[in-house]
Structures are given as C-alpha cells and as structure tokens.
Amino acid sequence: MAAAMDRNYYDGFRTFSWLADLVGLPIDQLNFVLTQFTALILAGLLRTSLRSIIATPAARHVYGLTIGLALGYFCFGRQAIHLAGLPALCYVAMRTQSPRSMQRVVFVIALIYLSFIHFHRQIYDYGSYTLDITGPLMVITQKVTSLAYSVHDGLTRRAEELTPMQRHQAVQKMPTILEYFSYIFHFQALMAGPVIFYRDYIDFIHGQHIPGTRTGLYDSRKKEIVLEPSPTWVVVKKVAASLTCALIFITFIPAFPIQQLKEKEFLEDTSMLYKIWYLMLTTMLARFKYYHAWLFADAICNNSGLGFSGYDERGNPLWDAVSNVDVYKFETSLNLREAIESWNKGTNLWLRLVMHERAGRNKVLYTYALSAVWHGFYPGYYLTFVSGAFFTFAARSVRRYVRPLFLESQRKKTFYDILTFIVTRLVMAYMTFSFILLEFVPSIKVYLYLYLLPHLLGLVALLLPPRLGLSRKTHSSPAASTETDHSEAVSNGNAHRMM
C-alpha cells in the first residue's frame with residue numbers, strides 16, 4: 001500500500017529510479033539527497049565565481065533563483081506550482097494593500113494556502129513520510145510572513161517602537177520582483193530551511209554580511225578589506241555529521257519503530273519503565289532524521305558564504321548565524337528552555353518575530369497555536385504542542401520557585417542540574433512521541449498506560465510551589481536572582497516549536 005501511495009502521490013522526477021533501486025532508497029528520498037548534494041556544489045560557485053566583489057547583485061539573484069526553481073521542479077514536478085502560487089499571491093497583497101495592514105493580509109493568505117496543502121496531503125497520503133511540497137512550502141510561508149511584517153515595521157513604525165530584532169529586520173523599501181522571488185527560491189535553504197530573513201539575505205547578496213563592517217568586505221572605519229574566512233572545514237564537518245546521523249537513523253530505526261506504540265502486546269505486556277525507555281529511544285532516533293537534513297542544509301548555506309557570525313575568543317571563525325539546530329546543546333540541555341532554544345532555531349526566530357513579540361497576553365499559547373497550525377492538522381501535533389505549552393509553564397514555575405533553593409552551594413546545584421537533565425529527557429520523549437505517531441487515539445492510550453504521570457507531576461509543579469510560599473527573593477542571592485530573572489526573559493522569548 002505504501003508503494004502504491006508513493007507512485008500515486010509523489011510527482012517528482014524518476015530519472016534516477018535505477019539508482020534508488022540499487023541503493024535501496026525510495027525515489028523521493030534519493031531525489032532529496034541528490035538535490036542537496038547539487039546545492040552544496042553550486043553553493044561553492046556562488047561564494048567563489050559569483051562572489052559579491054566580482055558579480056552584480058542581479059547576477060547573484062538570478063543564479064540563486066534559477067537553481068532553486070530547477071531543484072524544486074526536479075523534486076516535486078507539477079506540485080511545484082504551489083511553491084510559486086503562494087508567494088505570488090502574497091506579493092500581490094504586499095504591493096496592493098496598505099503597509100499598515102498588509103502584514104495581516106499576507107499572514108492570513110499564507111496560512112490558508114498552506115493549510116489547504118496540509119489538508120490535501122492528509123486526505124490523499126495520510127500518515128505517509130513521502131517527500132512532498134509541504135516542507136518547502138512551510139519555509140516559504142515563514143519567508144513571506146516575516147518579510148511582510150518587516151516591511152510593515154520599516155514603513156509604518158518608528159525605530160523606538162520596535163524591539164531589537166524587529167529593528168534589525170525592518171525593511172524600508174518594497175522588494176522588486178527579482179529581489180522577492182530570488183529571496184523566496186534561493187536554493188541554499190529551499191528544501192530544508194533554515195528560514196533566512198530578508199534583510200540578512202539582501203546583505204549577503206550585496207556582500208554586506210561580514211560582521212564588524214559597514215559595507216561587508218570593506219571596513220570604512222579601519223580603511224581595510226575584511227577577508228571572509230574559508231568555510232571548507234566547517235562544511236566538511238557538518239556534511240560528515242549529517243551523513244552519520246542519516247546512517248544511524250537508517251540502521252536503528254527499523255528495530256525501534258514508533259508504530260510499536262500502537263501494538264496491544266506492547267502496551268499490555270511491558271512495564272512502565274520499558275515503555276518510558278522505548279519512548280526515549282524511538283524519539284531520539286527520529287531526531288536523527290532532522291539532524292541529517294538540517295546539518296546538511298547548514299553546510300549548503302555555509303558553503304555559499306551564509307552563516308559567518310564572527311570569531312570566538314580564540315580567534316576561530318564561527319559559522320552559526322544561519323543554523324537550525326545545535327545537536328550537542330539539545331541532547332545535553334539541562335532544562336526545557338535550553339532544549340527549545342537549540343531545536344529548529346530558525347523557526348523559533350520566525351515565531352518570535354511574527355507572533356511572540358506582537359501578541360499581547362497569552363504570548364506562549366498564541367505562539368504554540370501558530371506553530372501547530374503551521375505544521376498541519378494531524379492530531380498528534382496538537383497533543384505535542386498542548387503538552388509543550390503546559391510543560392513550559394510547569395518548568396517556569398519550577399525554575400522560579402524551586403531552583404533558587406539549590407543555588408546555595410555547588411553540590412546542591414550539581415544535584416539539581418543532574419535531576420533536571422534526566423527530567424528533561426523524560427519530558428521531551430513524553431511530549432514529542434505523539435508528534436511522530438500522528439494519531440490521536442493511540443497517543444491517548446500511551447498516556448493512559450503511563451497513568452498520565454508526567455502530566456500529573458507537571459500539574460503539581462505548576463500549582464504547589466507558589467502555594468508553599470517559596471520566593472526567588474527569599475532563597476537566592478542578588479546575583480542568582482538576576483540570573484533567574486534573565487533566564488525567565490529568555491524563556492518567554494523562546495517557548496516555541498518542539499519537533
């Protein structure tokens with residue numbers, strides 16, 4: 001049945017079907033891998049033969065646009081019309097509507113269009129992981145909505161009214177057709193992200209993306225040319241890490257499939273500890289698929305010159321300005337806030353720009369709601385995001401009222417860090433398995449066989465500490481209190497997407 005679905009639904013090129021049969025990959029996955037390797041090679045040409053000091057911005061725009069369109073059509077065939085349809089409608093709205101309300105019109109158009117595509121996918125290819133246009137279309141939705149809000153900020157609001165992020169991304173001039181569509185389709189981030197905001201993209205095209213300079217490659221303050229470091233070594237490392245993650249996923253996920261959670265024998269004949277262990281293992285293996293795609297996408301961006309953010313204290317170049325994931329930080333995070341900050345970072349920034357910084361009350365709930373709708377309409381998504389919002393508030397309560405009790409000595413703090421590390425792993429697995437399983441009833445059954453214990457403990461963490469009279473001021477030094485206040489502010493700005 002899966003093979004039939006693949007033949008009927010996937011509309012990409014089948015030129016390399018023979019290679020897919022040879023290596024044992026579905027044709028959609030092979031096409032994705034081929035396009036990414038092609039993009040990696042062509043990104044190097046953009047950085048060398050078409051670098052900004054020898055090529056015009058128009059030439060760089062056309063290069064990125066042409067390759068993006070070609071790769072999109074190769075992967076999705078006739079479905080690629082939607083990749084052009086959504087941004088075309090949004091561009092018409094941007095050009096015809098008042099800048100004071102245009103951003104909301106674009107926001108509604110993009111989400112409705114994306115929602116129809118999500119519904120179409122669920123009707124005709126329910127539960128399948130076949131590559132289709134919803135992935136790139138989700139990234140395009142991020143681009144058009146963030147650009148609309150940035151234009152609104154640049155044309156209608158004063159600088160002092162904007163947050164630092166809004167001020168940095170504000171756009172004072174409506175993009176031309178070439179600038180707009182090259183931004184939408186530039187090949188470096190079309191297939192798997194990360195979202196790159198318009199101001200950052202235009203700075204890159206014009207060679208003004210080097211940190212610490214006013215004009216990019218030339219620092220007018222020091223009267224010297226600033227050389228961009230070579231990304232070769234970081235690209236090699238990211239590609240190697242990406243392929244390693246793919247190998248781990250392909251090798252081990254068949255032995256620990258998420259569908260096992262739906263089996264009656266698994267639910268009835270295994271202990272609670274085994275169920276929890278299985279949830280942790282299968283969700284971790286599922287993450288390796290995302291690590292593979294995102295690390296490779298990061299490598300493509302870096303190989304084109306995107307992503308350089310300066311130097312560390314040892315003088316080593318940093319290439320993390322354009323990145324979707326920090327694998328090490330996510331897997332070793334000590335709390336939910338750190339985990340969220342490290343996962344799908346581009347989407348976190350998008351949610352912050354278009355929703356979290358603009359919503360009034362209930363910022364976290366509105367942000368999770370937008371993230372859920374943006375993902376689609378599988379019930380498992382909503383179970384994950386509802387749980388995510390709940391555990392975010394519970395974790396905030398613990399950090400505010402309980403954590404200061406453990407800051408009195410290093411031994412207590414170490415114990416607290418170990419405890420929160422373990423709890424974070426358990427909560428992440430419990431929250432996100434439904435995102436992978438997709439279905440409502442099987443997910444609820446897993447909750448019930450685990451006696452809703454994490455939810456109950458979260459409820460205790462949310463309600464009990466404030467009623468015990470615990471206070472940050474009572475149990476922490478001024479320095480610790482300041483650290484906690486700062487952490488709360490960061491957490492408020494990053495309570496976003498989980499999977």
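This section describes the fold, the nonpolar cores, the aromatic contacts and selected backbone features of the structure.

The model is a predicted one. The chain contains 23 helices and four strands. Of its 499 residues, 53% are buried. Among contacts with a separation of 6 or more, those between residues 24 or more positions apart make up 72%. The exposed area of the chain amounts to about 22900 Å², of which 65% is supplied by carbon and sulfur atoms.

In soluble globular proteins, nonpolar side chains tend to be buried together. Here, the largest nonpolar core comprises 84 residues, and Val144 and Tyr180 have the most contacts inside it. Each of domain 1 (23-206) and domain 2 (231-468) contributes at least three residues to this core. When neighbours within four places in sequence are set aside, the contacts of Val144 are Leu86, Pro87, Cys90, Val106, Ala110, Tyr180 and Ile184. A second core, separate from the largest one, has 42 residues, including Leu267, Tyr290, Ala372 and Tyr381.

Two further buried positions were examined for their surroundings, namely Leu71 and Asn303. Leu71 belongs to helix 4 (residues 57-76). Its relative accessible area is 10%, under the 20% limit, and Leu71 is therefore classed as buried. Apart from residues up to four places away in sequence, Leu71 touches Thr35, Thr38, Ala39 and Phe187. For one of these partners, Thr38, the C-alpha atom is separated from that of Leu71 by 8.7 Å, with the two residues 33 residues apart along the chain. Asn303 is located in helix 13 and has a relative accessible area of 11%, so this residue also falls in the buried class. With residues up to four places away in sequence not counted, Asn303 is in contact with Leu40, Ala43, Gly44, Arg47, Pro231 and Val235.

Aromatic contacts were considered next. A pair of aromatic rings is described by the distance of the centres and the angle of the planes. The structure holds 38 such pairs. In the pair formed by Phe256 and Trp277, the ring centres are 6.0 Å apart and the planes stand at 80°; because this angle is over 60 degrees, the arrangement is edge-to-face. Phe256 is placed in the loop between helix 11 (232-252) and helix 12 (264-269), whereas Trp277 is part of helix 13 (residues 272-304), so the pair ties together parts that are 21 residues apart in sequence. Trp277 is partly exposed, with a relative accessibility of 43%. An edge-to-face geometry is also found for Phe390 and Phe391, with 5.2 Å from centre to centre and 70° between the planes. Phe391 has a relative accessibility of 5% and is accordingly buried.

Ring pairs also join Phe288, Tyr290, Tyr291, Trp294, Phe330 and Trp343 into a cluster. One of these residues, Tyr290, is included in the second core. Charged side chains are likewise placed over aromatic faces. Arg60 lies over the face of Phe204, at 4.7 Å from the ring centre, and Lys143 lies over that of Tyr183, at 5.6 Å from the ring centre.

Several loops carry notable backbone geometry. The peptide bond between Gly193 and Pro194 is cis, with omega about 0°. Pro194 is located in the loop between helix 9 (177-185) and helix 10 (198-205). A positive phi in a residue other than glycine occurs at Asn344, where the value is near 45°. This residue lies in the loop between helix 15 (336-342) and helix 16 (345-356). With a relative accessible area of 2%, below the limit of 20%, Asn344 is buried. Leu438, again a residue other than glycine, has a positive phi near 80°. Leu438 occupies the loop between helix 19 (410-437) and helix 20 (440-449), and its relative accessibility of 7% places Leu438 in the buried class.

Definitions and conventions: Residues are numbered from 1 along each chain as its sequence is written. Side-chain values use heavy atoms; hydrogens and water are left out. Rings of Phe, Tyr and Trp (its six-membered ring) pair if their centres lie within 6.5 Å; planes under 30 degrees apart count as stacked, over 60 as edge-to-face and the rest as tilted. Helices (H or I, at least four residues) and strands (E, at least two) are DSSP runs, numbered from the N terminus. Buried means under 20% relative accessible area, exposed over 50%, partly exposed in between (1.4 Å probe, protein chains only). A charge sits over a ring if NZ of Lys or CZ of Arg is within 6 Å of the ring centre and within 35 degrees of the ring normal. Contact means heavy atoms within 4.5 Å. Accessible areas come from the Shrake-Rupley method with a 1.4 Å probe; for residues, only the protein chains shown count as cover. A nonpolar core is a set of buried Ala, Val, Leu, Ile, Met, Phe, Trp, Tyr and Cys residues joined through side-chain atoms within 4.5 Å. Domain bounds come from an automatic or database domain assignment.
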